[in-house]
Each structure stands twice: as structure tokens, then as C-alpha cells.
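Hi there,

Here is the structure I promised to pass on to you. Have a look at it first, and then read my notes underneath.

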Amino acid sequence: MRFLVGLALSFLLAVQNLTRLPVGNVPFEPAVLGRGAAFFPVVGFLLGGLSVGVYYLAGLVFPPLVVAAFLVALGLLLTGGMHVDGFIDTVDGLGGPDTARKLAIMRDSRVGAFGVMGGITLLLLRFSLLASLCGAWHLLLLAPVVSRWGMVWAILLFPYARPQGQGRIYKDYTTWRETVAATVFALGIVFLIRGWAGLCLALAAFVLVLLMGAFFMRHLGGLTGDTYGAVNEVLEVFVLAVGLAVRC
């Protein structure tokens, strides 16, 4: 019973940390939060399901461009724009002259020119891809599942660049156990939705995680909470783009 309660708390903390969905007053424990990484793909599936609902309901009334705008706004609303903010901070920081300055820029609450340009490009790509779905609703499920799964692997495989930070909690408490669980959830969901083609898309996304991790290691000396958000955003766009390109 205690084990099940712990799993439930980990799931609720994962929902609370990755979204703005109301889950009540969940008691915070760093170890429980870290173990919640196992449920990241499940949270992604929940977000994707809400997007599919809006996609179909709005599509009954509005043209594709308006539906795409609704979906972009919905994604920002459901997550509080947390991962987009991480992406913007990461792009800003990468423009710094050295590792220490890059990390300092990423922590600065102000947004620079690189971050603005990166954020606009990201949202424009997302909008264009969502406007081009043409009934490929399954990509609305695959993208958030695969992207949250990719974050778990990024947390596990690469060192953390700072001694402290919210992302540090995940790094300290996310082990192979949580990563294997997240992989079972993610690949199970992906296979049920799109079969072997979906698994190939997930494998390609995993390779991208490795490449991004190596890139951040070279330029930042490790990953941070902001780069976890950047990984999520890049993977979502990647899954949408490749899925549409190969009609996955």
C-alpha cells in the first residue's frame, strides 16, 4: 500500500511540475519528485490527449490556421510556457563567450536578442507544423510523449552543469529504474498509437537526445533545467516535422 501511495505521489508531482493542471496540494519531497520522471511520458500523453480534443472540436468550426493557433496557445497554457522559457534561456546563453558567462546569461531573468529570435522561430515552426497536420492527429500524441521521454534520458545520461537548481533534483534522484519505467511507458504508448513506424520515430528522437546532450556538454559543461526544457521543445518539433515528412 505504501508503495502504491508513493507511486501516486510521484505521478501527481510530475503532473504538477510539468503542467499547470490542478492536482491539489501535493506534499513535496525531492526524492519523490525525482522518481516522478518515470511518469513523464504519461504526462505527455495526457497533454497530447487534451490537444487532440481541441484539434477535433475546434476543427469543426474553424479553419486549420486558426486551429493551429489554438493548439499553440493551449500548449503554452497547459505548461505555463515552462519548456519554451527554458529553450529561450538556452538559446540566449549559448551566445555567451565562455561557459561561466553562458550559464550566467541563462539564469538572468532578462531575455536577449538571441532568445527572442529563437523563441519566435520555435513558435513559428510549431504553428506551421500544426497547421499542416491534415488529420494526422496521432502526432499530437506522439510528440509530447516522445519529448518527455527524451528529457528523462537527458537527465540520466549527462552531468548537471550547476551545483544547485530545480533540475538538480531530477538529476540526483532519477536513476536507471525511473528511466527504464519511462521507456516502457513511452514505447508502449508509441507502439499502440503508430506501431513500428512510431518506434522508429522514437529511436530517431533518442539519437537526437544524444546529439543535443553532447552539444550542451561541449558548450555548457553539462545540462541544466533550461536545457531539459530545450530538449523537450526541440524533440516536439522534430517529431511533428519528421512525422509529417515521412507520413509516420
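Below is what I found in it, helix by helix and then residue by residue.

Before anything else, this is a predicted model, in which local features need pLDDT of at least 70 and side-chain atom pairs count only at pLDDT 80 or more, while totals for chains, interfaces and linings use all residues. Residues are numbered from 1 along each chain as its sequence is written, and side-chain values use heavy atoms, with hydrogens and water left out.

**How the helices pack**

Two packed helices are described by the angle between their axes and the distance between the axes. The helices here are DSSP runs of H or I with at least four residues, and strands are runs of E with at least two, numbered from the N terminus. Axes are lines fitted to C-alpha atoms (for helices, over the stretch in contact), and the angles run from 0 to 180 degrees between N-to-C directions.

Start with helix α5, residues 82-94, and helix α7, residues 113-131: they pack at about 135 degrees, with their axes 7 Å apart. That angle makes α5 oblique to α7 (under 35 degrees is roughly parallel, over 145 roughly antiparallel, 65 to 115 roughly perpendicular, and the rest oblique). The crossing of the two is right-handed; the rule is that the near helix is turned clockwise from the far one by less than a right angle, while anticlockwise would be left-handed.

Which residues of α5 and α7 meet? On the α5 side they are V84, F87, I88, V91 and D92, and on the α7 side A113, F114, G115, G118, G119 and L122. Contact means heavy atoms within 4.5 Å. Sorted by class, this contact has 7 nonpolar residues, 3 polar and 1 charged. For the classes, Ala, Val, Leu, Ile, Met, Phe, Trp, Tyr, Cys and Pro count as nonpolar, Asp, Glu, Lys and Arg as charged, and the others, Gly among them, as polar.

α5 also packs on helix α6, residues 99-107, at about 145 degrees and with the axes 8 Å apart. This crossing is right-handed. D89, T90, D92, G93 and L94 of α5 touch K102, I105 and M106 of α6, and the class count is 3 nonpolar, 2 polar and 3 charged.

Further along the chain, helix α10 (residues 176-220) and helix α11 (residues 225-245) pack at about 145 degrees, with their axes 10 Å apart. They cross in a right-handed way. From α10 come L201, A204, A205, L208, V209, M212, F216 and L220, and from α11 come T227, A230, V231, V234, L235, F238, V239, V242 and G243. By class, that contact has 15 nonpolar residues, 2 polar and no charged ones.

**The core**

The largest nonpolar core has 73 residues, and F40, L130, L133 and V231 touch the most other members. Such a core is a set of buried Ala, Val, Leu, Ile, Met, Phe, Trp, Tyr and Cys residues joined through side-chain atoms within 4.5 Å. Helix α8, residues 138-157, gives the most to it, with 14 residues. Beyond four places in sequence, V231 is in contact with G150, M151, A154, V209, M212 and F216.

**Some single residues**

A quick word on burial: buried means under 20% relative accessible area, exposed over 50%, and partly exposed in between (1.4 Å probe, protein chains only).

- V84 sits in α5 and counts as buried because its relative accessibility is 10%. Its C-alpha is 6.6 Å from that of E233, although the two are 149 residues apart in sequence.
- S51 is in helix α3, residues 40-59, and is buried at 14%. Beyond four places in sequence, S51 touches L71, L74 and L140.
- A202 is in α10 and is buried, with a relative accessible area of 1%. Beyond four places in sequence, A202 touches V146, W149 and L187.
- Y56 is in α3. Is Y56 buried or exposed? At 43% relative accessibility, Y56 counts as partly exposed.
- C134 lies in the loop between α7 and α8, and counts as exposed at 74%. C134 has a positive phi of about 50 degrees although it is not a glycine.

Cheers
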